[in-house]
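Welcome, and thanks for opening the viewer. Let's take a walk through this model, one selection at a time.

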Amino acid sequence: MFGIGQDIGIDLGTATVLVYIKGKGIVLREPSVVAIDKNSNKLLAVGEEARRMLGRTPGNIVAIRPLREGVISDYDITERMLKHFINKVCGSRILKLVRPRIIVCVPSGVTEVEKRAVKEAAMQAGARRTYLIEEPIAAAIGAGIDIAKACGSMVIDIGGGTTDIAVISLGGTVVSSSIKIAGDKFDEAIVRYMRKKHNIMIGERTAEELKINIGTVYPRVQEVTMDIRGRNLISGLPKTITVTSTEIMEALEEPILSIVEAVHSVLEKTPPELASDISDRGIVMTGGGSLIYGLDKLIQEKTGINVVVADDAISCVAIGTGKALDNIETIEQSEAAENRSIQR
């Protein structure tokens with residue numbers, strides 16, 4: 001019952017949901033997957049248990065990922081998933097007595113309709129008030145950058161559904177770009193490559209394992225390999241093959257190039273004073289996608305700017321969302337100002 005009356009920060013990711021409770025830190029880290037019985041519409045499993053069912057369910061059970069490319073694709077399922085996670089960290093009896101204030105993270109390029117969907121889903125799941133914070137700002141706070149200074153900082157947050165690139169100064173975003181190419185697209189590229197080169201069909205989970213274990217985007221000193229099993233498309237029988245890190249580098253070439261181009265485009269639009277700050281201070285990378293071997297080296301080579309991967313890259317956004325709870329009044333003021341300008 002440790003969530004009593006607490007403010008909660010949620011990183012509502014396409015691949016993973018992280019929940020941060022003020023004074024406690026990250027208390028929940030679960031995949032954003034829900035398993036549902038199609039006949040009765042009953043929730044069978046949420047999180048890690050549901051993820052294990054992906055690609056392995058019978059006809060009446062379906063494992064759904066309710067968020068796609070950083071936004072809600074299935075509103076009802078997202079609401080039920082959020083309710084499950086909030087109940088898990090707060091306790092359902094406590095939730096009836098004290099509804100928490102919740103701050104949720106959204107990609108920088110989301111529309112007003114998408115923002116409203118996130119807010120309403122959180123309210124329906126048991127929030128007293130819901131606030132939104134942009135992913136790059138939360139990532140910068142979580143990575144330990146002082147965003148309030150009159151100094152330019154550049155953040156690249158590569159999640160499951162979106163890659164958010166932003167230049168931040170004086171607590172706000174100066175230039176930003178959000179592209180729908182991230183972890184999921186890397187997995188899809190690996191699946192396509194295996195089908196094309198080896199005539200073998202593999203599932204999303206196998207592709208993800210390949211990406212995590214031997215994923216490479218910059219030549220390695222020593223090549224690594226991994227054995228995987230899939231279905232041979234010619235014979236239709238299961239087959240085991242050995243995949244090398246060089247092959248994964250080839251498979252990921254296209255999506256990685258799109259990210260490098262997006263970084264280049266943000267740098268082109270950056271005001272000269274801030275560009276010189278970034279050149280001095282370097283670029284910070286956060287999110288699970290930034291952990292792929294050599295991505296920091298590749299961006300550094302293409303831009304000529306020093307690139308560092310944040311310490312706890314996967315948790316940065318959730319930590320930043322949690323830290324933003326301390327300044328919830330500032331968020332309230334900026335939201336009120338935004339609403340006034342929309343009404344005008």
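Before we start, one term: a nonpolar core is a set of buried Ala, Val, Leu, Ile, Met, Phe, Trp, Tyr and Cys residues joined through side-chain atoms within 4.5 Å. Please also keep in mind that this is a predicted model.

**Stop 1: the largest core.** Select Met154, Ile190, Met194 and Leu210: these have the most contacts inside the largest nonpolar core, which has 43 residues. Now add helix 9, residues 253-269, which gives the most to this core, with 7 residues.

Next, center on Leu210. Which residues does Leu210 touch, leaving aside those up to four places away in sequence? Show Ile190, Met194, Ile202, Gly215, Met226, Ile228, Val243 and Ile248, and you have its contacts.

**Stop 2: another core.** Apart from the largest core lies another, of 30 residues. To find this second core, select Ile8, Val71, Phe85 and Leu132, which are among its members.

**Stop 3: an open sheet.** Switch to a cartoon view and pick out strands 5, 4 and 6, which form an open sheet in that order with antiparallel pairing. The edges are strand 5 (42-46) and strand 6 (61-64), each of which pairs on one side only. Look along the sheet for the twist, which averages 25° from one strand to the next.

Zoom in on strand 4, residues 34-37, where 4 bridges join it to strand 5. For one bridge pair, select Ile36 together with its partner in strand 5, Leu43.

Then bring in helix 2, residues 75-90: this helix lies across strand 4, strand 5 and strand 6, and it runs at about 60° to strand 5.

**Stop 4: a covered helix.** Select helix 5, residues 135-142. Is it mostly covered or mostly open? Mostly covered: 8 of its 8 residues are buried. Glu135 and Pro136 are among those buried residues, as are Ile141 and Gly142. Just after the helix, click on Gly144, which takes a positive phi of about 90°.

**Stop 5: zoom out.** With the whole protein chain in view, there are 13 helices and 18 strands to color. The radius of gyration is 21 Å, close to the 20 Å that the globule rule gives for 344 residues, so the chain is as compact as a globular protein of that length. Its C-alpha atoms fill a box of roughly 60 × 60 × 35 Å along the principal axes.

Finally, turn on the surface: the accessible area comes to about 16300 Å², with 49% belonging to carbon and sulfur atoms. Of the 344 residues, 50% count as buried.

Technical notes:
Residues numbered from 1 in each chain as written. Predicted model: local features only at pLDDT ≥ 70, side-chain atom pairs only at ≥ 80, totals over all residues. Heavy atoms only, no water. Pairing = 2+ DSSP bridges. Helix = DSSP H or I, 4+ residues; strand = E, 2+ residues; numbered from the N terminus. Axes fitted to C-alpha atoms, helices over the stretch in contact; angles between N-to-C directions. Contact = heavy atoms within 4.5 Å. Buried < 20%, exposed > 50% of the residue type's maximum accessible area, 1.4 Å probe, protein only. Rg over C-alpha atoms; globule rule 2.2 N^0.38 Å. Areas by Shrake-Rupley, 256 points an atom, 1.4 Å probe, with all protein chains shown as cover.
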